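Welcome! Here is a short guided look at one protein chain and the ligand it holds. Take a moment with the picture, then read on.

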Amino acid sequence: MSRTHIVGAGLAGLAAAVSLVRAGRAVTLHEAGGRAGGRCRSYLDARLDCLIDNGNHLLLSGNRSAMRYLADIEAVDALVGPASACFPFLDVRTGRRWSLRPNAGRLPWWLLRSERRVPGTRVRNYLSGLRFAVAGPDRTVTDCVGDRGVLFERFWEPLAVAALNTPAESGASCLLWPVLRETFARGAAACRPRIARFGLSHAFVDPALELLGRRGAAVRFGRRLRRIACAGPSATRLHFGSESVAVREGESVILAVPPAAAAALVPSLTVPRESNAIVNAHFRLSEPARLPADTPFLGLIGGTAQWLFVRGDVASITVSAAGALAAEPAETIAGKTWNDVATALDLGRDLPPYRVVKERRATFAQTPGEVRRRPKTRCGLANVYLAGDWIDTGLPATIEGAIRSGHMAARAVAGE
Ligand SMILES: Cc1cc2nc3c(=O)[nH]c(=O)nc-3n(C[C@H](O)[C@H](O)[C@H](O)COP(=O)(O)OP(=O)(O)OC[C@H]3O[C@@H](n4cnc5c(N)ncnc54)[C@H](O)[C@@H]3O)c2cc1C
């Protein structure tokens with residue numbers, strides 16, 4: 001049986017591997033690190049004495065590739081979230097709270113109801129969102145919806161920064177439109193928020209590794225691909241430092257590594273070069289906390305933190321497009337963001353034990369210029385395919401984009 005060598009065990013590599021083994025194909029997964037999951041993983045934090053995720057990850061029920069992947073690895077129940085589509089927000093400056101509550105069905109009548117939409121907005125304000133559908137590839141989010149007003153501050157900006165990890169004034173509008181089309185435009189069933197019940201590895205990684213083991217795939221850790229040897233247009237050998245592996249006639253390679261690593265391995269490749277940071281801070285509370293209405297997260301407007309997630313006695317915040325914040329010391333970040341957490345949960349100002357995680361290259365900078373540099377699945381070598389959240393999936397660099405890129409690469413390998 002012809003084997004596929006998958007390099008990189010992040011979600012793109014895992015999704016490709018799962019797809020191929022389910023189709024009865026032989027797979028070897030080579031990962032540079034000591035564990036799988038890449039940018040989407042959990043680990044035991046010694047200072048907090050509990051399991052934390054490297055970053056809080058939010059999905060929507062309309063993320064169809066992610067949901068298919070979870071079904072494939074039998075982990076659909078590993079995500080939790082409210083039964084309805086509900087997005088609670090708090091303005092930390094004023095204490096005002098509200099929830100966005102899209103309705104069932106495609107006709108968005110929730111926008112007609114003032115208690116379901118953003119307070120202080122009118123129905124006609126939302127029409128600006130239609131400009132995303134017709135905007136050209138050079139347009140930014142603010143080119144489409146402007147850069148001021150209540151709807152911008154309370155909806156478009158938080159949505160754009162969360163989805164694109166890029167400020168709204170430079171974020172590519174062409175990546176936000178598919179998000180709107182695949183989730184909000186399909187009604188409540190497609191935009192129910194979802195988070196990992198017991199952590200990212202429990203949901204996305206461990207069940208995938210178990211399935212791969214059951215289906216006979218070989219998973220090799222500590223294998224950093226350093227060079228691809230070629231004969232003519234095809235890869236013939238993968239060099240991992242002291243070891244190397246032959247790529248035989250009929251075998252394929254999927255490179256599911258970050259863009260800089262792929263460009264070093266395939267020098268002719270054009271890839272996005274700029275990246276943006278995401279900062280997370282995790283606080284161990286003295287007792288379990290709950291957010292109003294029992295939603296697991298809260299959008300924060302007007303503070304430093306943008307999203308708050310609460311799981312038992314751990315409160316975690318996320319700041320996307322966080323280049324400036326990431327340059328500050330961890331204790332400054334913890335102090336600033338704890339103010340927002342304490343306001344949201346009505347807690348005292350004394351800082352509890354915390355862990356600040358700075359992912360400086362969390363995703364590529366999703367500007368129109370960098371989006372143009374995304375390559376397709378094929379990379380110019382006959383038997384080498386690309387996967388990763390930075391591939392041209394048409395989607396932002398998210399779990400959904402990473403998994404879809406893995407599925408695309410698996411289909412290309414299978415000749416579909
Ligand atoms: C802090 C943070 C918060 C995020 N929040 C969200 C969110 O809320 N919602 C959402 O949908 N997405 C979110 N994302 C994005 C999401 O995590 C990524 O899009 C996704 O995990 C990318 O997966 P990937 O497989 O493309 O890349 P990676 O996870 O980077 O995987 C690449 C793998 O390749 C390995 N590798 C690299 N070089 C080599 C080599 N030479 N040889 C062998 N292996 C190699 C790496 O070790 C890694 O395991 C967030 C990301 C971060 C960092």
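Let us begin with the ligand: the residues of the shell around it divide into 18 nonpolar, 13 polar and six charged. Keep in mind as you look that this is a predicted model.

Which residues come nearest to the ligand? Of the 37 residues around the ligand, the nearest are G8, G10, G38, G55 and T398. Four elements each give two or more residues to this shell, namely α1 (11-22), β15 (275-284), β19 (354-364) and α12 (399-413). Domain 1 (3-34 + 221-273 + 367-413) and domain 2 (43-81 + 194-199 + 275-364) each provide at least three residues of the shell.

**The domains**

That brings us to the domains. The assignment for this chain gives domain 1 (3-34 + 221-273 + 367-413), domain 2 (43-81 + 194-199 + 275-364) and domain 3 (103-190). Between the C-alpha centres of domain 2 and domain 3 there are 23 Å. Where these two domains touch, 13 residues of domain 2 are in contact with 13 residues of domain 3. On the domain 2 side, β15, β16 (297-301) and β19 each supply at least two residues. That side of domain 2 has six nonpolar residues, seven polar ones and no charged ones. You have already met β15 and β19, since both also give residues to the shell around the ligand.

**How the helices pack**

Now for the helices. Two packed helices are described by the angle between their axes and the distance between the axes. Here are three pairs to find in the picture.

| Helix pair | Angle between axes | Distance between axes |
|---|---|---|
| α2 (64-72) and α12 | about 65° | 7 Å |
| α1 and α12 | about 40° | 7 Å |
| α1 and α7 (200-214) | roughly 35° | within 10 Å |

Start with α2 and α12. At an angle of about 65°, these helices are therefore roughly perpendicular to each other, and their crossing is left-handed. In this contact, S65, A66 and Y69 of α2 meet I399, E400, I403, R404 and H407 of α12. By class, the contact of α2 with α12 is made of four nonpolar, two polar and two charged residues.

Next comes the pairing of α1 with α12. Are these two helices parallel, perpendicular or oblique to each other? With an angle of about 40° between their axes, α1 and α12 are therefore oblique. The crossing of α1 with α12 is right-handed. From α1, the residues L11, A12, G13, L14, A15, A16, S19 and L20 take part, and they meet I399, A402, I403, S405, G406, H407, A409, A410 and V413 of α12. Twelve of the residues in this contact are nonpolar and five are polar, with no charged residue.

Finally, α1 also packs with α7, in a left-handed crossing. Here L11, L14, A17, V18 and V21 of α1 meet F204, V205, A208, L211 and L212 of α7. What classes of residue make up the contact of α1 with α7? The contact has ten nonpolar residues, with no polar and no charged ones.

To close, look back at α1 and α12 together. Both give two or more residues to the shell around the ligand, and the two helices pack with their axes 7 Å apart.

Technical notes. Residues are numbered from 1 along each chain as its sequence is written. This is a predicted model: local features need pLDDT of at least 70, side-chain atom pairs count only at pLDDT 80 or more; totals for chains, interfaces and linings use all residues. A residue is near a molecule or strand if its C-beta atom, placed from the backbone, lies within 6 Å of it. Ala, Val, Leu, Ile, Met, Phe, Trp, Tyr, Cys and Pro count as nonpolar, Asp, Glu, Lys and Arg as charged, and the others, Gly among them, as polar. Domain bounds come from an automatic or database domain assignment. Axes are lines fitted to C-alpha atoms, for helices over the stretch in contact, and angles run from 0 to 180 degrees between N-to-C directions. Angles under 35 degrees count as roughly parallel, over 145 as roughly antiparallel, 65 to 115 as roughly perpendicular and the rest as oblique. A crossing is left-handed if the near helix is turned anticlockwise from the far one by less than a right angle, and right-handed if clockwise. Two residues are in contact if their C-beta atoms, placed from the backbone, lie within 7 Å.
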